[in-house]
Amino acid sequence: QKEDEYIENLKTKIDEYDPKITKAKFFKDLPISDPTLKGLRESSFIKLTEIQADSIPVSLQGHDVLAAAKTGSGKTLAFLVPVIEKLYREKWTEFDGLGALIISPTRELAMQIYEVLTKIGSHTSFSAGLVIGGKDVKFELERISRINILIGTPGRILQHLDQAVGLNTSNLQMLVLDEADRCLDMGFKKTLDAIVSTLSPSRQTLLFSATQSQSVADLARLSLTDYKTVGTHDVM
Ligand code: ADP
Ligand code: MG
């Protein structure tokens, strides 16, 4: 009951948050839950970077987001915080299965995201997993059914989606396409389109990119619904 009240309160704060009036400087200024704030603080994440301040409130409000900001600007937390908060507010448990899917172009980047997630998520109860190839599909499959937040490379995720059993996306709340420009440069356009086409349209999608281009805009049109653009507003 107490948790329900707390979550309702949080939702009200999110609805009332007006980025035009409030420009948050610190994570604690945002309508995010105590376990997440604690995880952030313990990882020494106190102050928001610009892309975090601009995009996190919009993502928390449930919008699809196309965010562009240069490498090193803090895009990882800009999507991980909304992912964790979404599942927290839904009171996600291991029995609810896959709640969020995060796609990253390379194994190294996927592993970095996983590491940040386990650090800032240390006070939440979600399970996280990596599918990046290298390990055998069967080994990954055994663990995959219990994973709430899955991080992976495009090819490997599609491989799991194509399996008859295993990855069940029917409950999916959030899709994150990270480093979308790089995914496209690496030739993953068709793979991304195929992944997106298998997912429920009711999900929320966050698309992050270091640069803006026509191909990123095309991907956004295909994968996002009524989206808000955040970050550098030139080009497109
Ligand atoms: P991007 O994905 O935009 O290239 P990252 O998310 O990888 O950037 O972050 C770049 C670096 O900045 C990382 O070392 C990360 O730990 C650090 N960082 C990100 N956000 C913050 C923050 N709010 N406060 C302090 N350091 C941060
Ligand atoms: Mg990044």
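Me: Which residues does isoleucine 120 touch, leaving out those up to four places away in sequence?
Reply: Isoleucine 120 touches Pro35, Thr36, Gly39, Leu40, Ser43, Phe45, Leu77, Leu80, Val81 and Ile84, if you skip residues up to four places away in sequence. Keep in mind that this is a predicted model.

Me: OK. Where is isoleucine 120 found? And is it buried or exposed?
Reply: Isoleucine 120 is found in helix 5, which covers residues 107-120. Its relative accessibility is 0%, so isoleucine 120 counts as buried.

Me: Ile84 was in that contact list. How far apart are isoleucine 120 and isoleucine 84?
Reply: In sequence they are 36 residues apart. In space, isoleucine 120 and isoleucine 84 are 9.2 Å apart, going from C-alpha to C-alpha.

Me: Switching to helix 3. How many of its residues are buried?
Reply: Nine of the eleven residues in helix 3 (residues 50-60) are buried, so the helix is largely enclosed by the rest of the structure. Those buried residues are Ile51, Gln52, Ala53, Ser55, Ile56, Pro57, Val58, Ser59 and Leu60.

Me: And what do the buried residues of helix 3 pack against?
Reply: They pack against two helices, helix 1 (2-16) and helix 4, plus strand 1 (65-68), strand 6 (204-209) and strand 7 (228-231).

Me: Let's stay with helix 4. At what angle do helix 3 and helix 4 pack?
Reply: The angle is about 25°, and the axes of helix 3 and helix 4 are 9 Å apart. Angles under 35 degrees count as roughly parallel, and therefore helix 3 and helix 4 are roughly parallel to each other. Helix 3 passes helix 4 in a right-handed crossing.

Me: Which residues meet there?
Reply: From helix 3 you have Ile51, Gln52, Ser55, Ile56, Ser59 and Leu60. They meet Lys75, Leu77, Ala78, Val81, Pro82, Glu85 and Arg89 in helix 4. Sorted by class, the contact of helix 3 with helix 4 has seven nonpolar, three polar and three charged residues.

Me: What follows helix 3?
Reply: Glycine 62 follows helix 3, and its phi is positive, near 95°.

Me: Which residue other than glycine has a positive phi near 45°?
Reply: That's glutamate 179. It lies in the loop between strand 5 and helix 8. Glutamate 179 has a relative accessible area of 15%, so it is buried. Lysine 91 is not a glycine either, and its phi is positive at about 50°.

Me: Why point those out?
Reply: Because most residues other than glycine have a negative phi.

Me: Fair. Where is lysine 91 found, and how exposed is it?
Reply: Lysine 91 is found in the loop between helix 4 and strand 2. With a relative accessible area of 37%, lysine 91 is partly exposed.

Me: What about glycine 99, where is that found?
Reply: Glycine 99 is found in the loop between helix 4 (75-89) and strand 2. Glycine 99 counts as buried, with 0% relative accessibility. Leaving out residues up to four places away in sequence, it touches Leu87, Trp92, Asn148, Leu172, Gln173 and Met174.

Me: New topic, helix 9. Which of its residues are buried?
Reply: In helix 9 (residues 189-198), Thr191, Leu192, Ile195 and Val196 are buried. Looking down the axis of helix 9, its buried residues fall within an arc of 130°, so they line one face of the helix.

Me: How does spacing along a helix fit with that?
Reply: An α-helix has 3.6 residues a turn, so residues three or four places apart point the same way.

Me: Which exposed residues are on the face turned away from the buried side of helix 9?
Reply: Lys190 and Ser197.

Me: What does the buried side of helix 9 pack against?
Reply: Its buried residues pack against strand 2 (100-103), helix 7, strand 5 (174-177), helix 8 (180-185) and helix 10 (214-223).

Me: How do helix 7 and helix 9 cross?
Reply: Their axes come within 9 Å and cross at roughly 40°. Helix 7 and helix 9 are therefore oblique to each other. Helix 7 passes helix 9 in a left-handed crossing. By class, the contact of helix 7 with helix 9 has seven nonpolar, three polar and no charged residues.

Me: Last one: where is threonine 153 placed?
Reply: Threonine 153 is in the loop between strand 4 (149-152) and helix 7 (154-162). Threonine 153 is buried, with a relative accessible area of 10%.

Note on methods: Residues numbered from 1 in each chain as written. Chains lettered and ligands numbered in written order. Predicted model: local features only at pLDDT ≥ 70, side-chain atom pairs only at ≥ 80, totals over all residues. Heavy atoms only, no water. Helix = DSSP H or I, 4+ residues; strand = E, 2+ residues; numbered from the N terminus. Buried < 20%, exposed > 50% of the residue type's maximum accessible area, 1.4 Å probe, protein only. Arc of directions from axis to C-beta. Contact = heavy atoms within 4.5 Å. Axes fitted to C-alpha atoms, helices over the stretch in contact; angles between N-to-C directions. Parallel < 35°, antiparallel > 145°, perpendicular 65-115°, else oblique. Left-handed = near helix turned anticlockwise from the far one by under 90°. Nonpolar A, V, L, I, M, F, W, Y, C, P; charged D, E, K, R; others polar.
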